[in-house]
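Visitor: I'd like a close look at one part of this model, namely its charged side-chain pairs. Could you walk me through that part and then show me a bit of what lies elsewhere in the chain?

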Amino acid sequence: MVLTTFDPFADFDRLTRRAFGPADSRRLARMDAVRRENEVELRFDLPGIDPESIDVTVDHGVLTVSASRSEEYAEGEKPFIRERVMGSYARRVRLSDTVDADKIEANYSDGVLTVHVPVLEQAKPRKIEVRSDAKAIAA
């Protein structure tokens, strides 16, 4: 597999769910991953996020996408229904050593962050020629 998601708190979350019910998964940026011949494209849903708050980093084979959305209430306003998640979002994806981390690019448009992760040449699929040995077949 070229990449895997990485959550250092997975065991803690699992124990918390058992003890107290499901955790709030809305803080985790939802992601799709698409494998192409030359790259892996990651698409993160980050609606309503200011592009200036988005941070994409790669460190020791882990791609981290983080962003934040701040309160949008003016002075004197008091929310009485609050379903939109405010605060910080983060998602970590463990990258394989078959990707070129130095050439990763990111673009944010219409609430979707798209991260292009190029695949190294040696990791691309290739056809292997099958030769037959006439002596081995005759024996």
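Guide: Here is the charged network, followed by a hairpin and one serine. Before that, a word on the ground rules: this is a predicted model, where local features need pLDDT of at least 70 and side-chain atom pairs count only at pLDDT 80 or more, while totals for chains, interfaces and linings use all residues. Residues are numbered from 1 along each chain as its sequence is written, and side-chain values use heavy atoms, with hydrogens and water left out.

Side chains of opposite charge can pair when their charged atoms come close. The cut-off used here for a salt bridge is a side-chain nitrogen of Lys or Arg within 4 Å of a carboxyl oxygen of Asp or Glu. By that rule the structure holds 4 salt bridges. Let's start with Arg36, which forms one with Glu39, their closest N and O atoms being 2.8 Å apart. Arg36 also meets Glu41 in a salt bridge, at 3.0 Å from N to O. Glu41 in turn pairs with Arg43, this time at 2.5 Å, N to O. Shared partners thus join Arg36, Glu39, Glu41 and Arg43 into one network of salt bridges.

How do these residues sit relative to the surface? For the labels, buried means under 20% relative accessible area, exposed means over 50%, and partly exposed is in between, with a 1.4 Å probe and protein chains only. Glu39 is buried because its relative accessible area is 17%, and Glu41 is buried too, at 8%. The arginines get another label: Arg36 counts as partly exposed at 34%, and Arg43 is partly exposed at 31%.

Now for the hairpin. Strands here are DSSP runs of E with at least two residues, numbered from the N terminus, and two of them pair if DSSP finds at least two bridges between them. Strand S7 (residues 105–109) and strand S8 (residues 112–118) run antiparallel, joined by 5 bridges. One of the pairings puts Glu105 opposite His116, its bridge partner in S8. The hairpin leaves 2 residues between S7 and S8, and Asp110 in the turn has a positive phi of about 55°.

Last stop, the serine: Ser88 belongs to strand S6 (residues 87–95). Ser88 is exposed because its relative accessible area is 51%. Ser53 is 35 residues away from Ser88 along the chain, and their C-alpha atoms are separated by 9.4 Å.

How values were computed: Helices (H or I, at least four residues) and strands (E, at least two) are DSSP runs, numbered from the N terminus.
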